[in-house]
Amino acid sequence: MLLNLHVKNMALIQELEIDFGKGLNILTGETGAGKSILIGSINVALGMQSFKGFAREDADMALVELVFSVDSESLKEKIENMDISVEDDQIILSRRLVKGRSISKVNGETVPVSTIRELASLLIDIHGQHEHQSLLYKKNHLKILDEFAREELENLKAEGIRLYEIYSDCKKQMETAFLDEASRKKETDFLQYEVEEIENAGLRQGEDEELEAQYRKMSNARKIAQDASEAYQMTSEGSCNASDGVSKALQRLMAVSSYDPELEQLTGQLAEIESLLTDFNRELSGYLDDLTFDEAEFVQVEERLDMINHLKAKYGNSVEEILLYKEEKEKRLQELLDYDTYLAKLSENYRQSEGALRENGQKISEIRRRYAIKLAKTIQEELVDLNFLETSFDVNVEQTDILRADGFDEVCFLISMNPGMPKRPLADVASGGELSRIMLAIKTVLAEKDDMQTLIFDEIDVGISGRTAQKVSEKMAVIAANHQVLCITHLAQIASMADNHFLIEKAVRDKDTVTMIRHLNAEESVEELARILGGAKITQLTLQSAREMKDMAESAKKY
């Protein structure tokens, strides 16, 4: 549920903060007061829109922040699967614009805007002013049906994605596999040359690293011998070498160590140093005795390294990569040498991948057909509640020849607005107002199928009035019984159903026009209903009508 909205420096909004409640949250106000800015700001926070066109140009920064409460365990699990922790059953989404740069955060941690969008899809659903027009396109009918059947389709559609990748790969291999004889011979000769060149080198794993270490040692042999010899002189053979100095110092301490226990400890430490130095000198002497430089061996190592580096330049950055390259080319060479068998195998793989994808698509299609009947019946029941009394609704599922990851179905919503008239595609029959109500019916159905806690309806009342408006208001109240609903409306019938009523209005502050919002108490809500009903002049009769409408709405909600 959306608990709080904080907006700063967005269009006419200098700064405002709103605490939303449970049930139906209604937002009303004069045209141009800033209702669209409010919805736009929420869309910015959710990553659905950029700050461009919303952020105030005279401000150093702009901010939109949303605070959600999350009490559904299944929803928490989905959020935590995104590596986002739900702290104190809350999620805080914020987007800030500073010096032209947008910064998105979840619970105070910076995240990509794509993460904000993914998280938003779990927390809130926004029905925009023109979203009902999406019903004009069949591809959206398929999405709605799949969302309705999501529980059964989810695993099959994921499997379809995996199978489609295999199928596409097999198809691509088939399309690129066919070569004429001359092309095959040319490629075969080249592959044989590459394989033989690597094979003749007789490479072994890690050889290049060993040779490089050996080359470094041999190329620096003179400096190694000189510096190591000087080190040996300093520690063992020189007139003032370290060994003699340590030995003499030890003798002096041993002569007096019996007089003081503390000197005994120091004498023991120096004895260990003498022993270590003696071992060091012995090992360094042995190293110098074994240190030799063979010119012929040096040339051999250098030539071997040159040959390996030449192969690296052609086939890989290491001996391991060169050997892997050789394996790949040997495999390709074998395919070309036994070309007919290779083509037959590709054809079989393609046939099997297509068969598996079609089989999965058939399972998806069968589930869609079952759920299409349920969806049509459920939507029709909702449409009756929205004053479509004589309407007949159907969801048609037809298979096409196009094989996709999600199957091969095409879905079309069919409707008949009058008795005796045949069902026709929705786009050919319904007006804008009718489409809006149909979308509301669909939203109602889908809202019961998922964990979506917050729904926003931006001017769902477009193109309706009278009895239909009353039906829409009752439907909004039904949805709000199980979900938090935010609704911007111009109709008193819908506004009267509010559990929480907010007024959006413009005012002038310091010669600057700003948008403000405030929560209305019961009496103020009645006055706002009267303004919607009566326009500029509010009479006692209008107020009485508004109060009566509010009382009727409260009574209707109890049932």
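Me: Before anything else, what counts as a left-handed crossing of two helices?
Reply: A crossing is left-handed if the near helix is turned anticlockwise from the far one by less than a right angle. The model here is predicted, and in it helix 5 passes helix 13 in just that left-handed way.

Me: Which residues are those two, and at what angle do they cross?
Reply: Helix 5 covers residues 150-177 and helix 13 covers residues 339-385. Their axes come within 9 Å and cross at roughly 155°. Angles over 145 degrees count as roughly antiparallel, so helix 5 is roughly antiparallel to helix 13.

Me: What kinds of residues make up that contact?
Reply: In the contact of helix 5 with helix 13 there are 19 nonpolar residues, six polar and eight charged.

Me: New topic, the six-stranded sheet. What is its strand order?
Reply: The order is 8-12-13-3-14-15, in an open sheet with mixed pairing.

Me: Which strands stand at the edges?
Reply: Strand 8 (124-127) and strand 15 (512-519) do. Each has a single partner strand, so one side of each has no neighbour in the sheet. From one strand to the next, the twist averages 20°.

Me: How does strand 15 pair with strand 14?
Reply: The two pair in the antiparallel sense, over eight bridges. Strand 14 is residues 500-509. One of the bridge pairs joins R509 to D512 in strand 15.

Me: Which strands does helix 16 lie across?
Reply: Helix 16 (residues 466-480) lies across strand 3 (24-28), strand 12 (454-458) and strand 13 (484-488). Helix 16 runs at about 150° to strand 13.

Note on methods:
Residues numbered from 1 in each chain as written. Predicted model: local features only at pLDDT ≥ 70, side-chain atom pairs only at ≥ 80, totals over all residues. Heavy atoms only, no water. Pairing = 2+ DSSP bridges. Helix = DSSP H or I, 4+ residues; strand = E, 2+ residues; numbered from the N terminus. Axes fitted to C-alpha atoms, helices over the stretch in contact; angles between N-to-C directions. Contact = heavy atoms within 4.5 Å. Parallel < 35°, antiparallel > 145°, perpendicular 65-115°, else oblique. Nonpolar A, V, L, I, M, F, W, Y, C, P; charged D, E, K, R; others polar.
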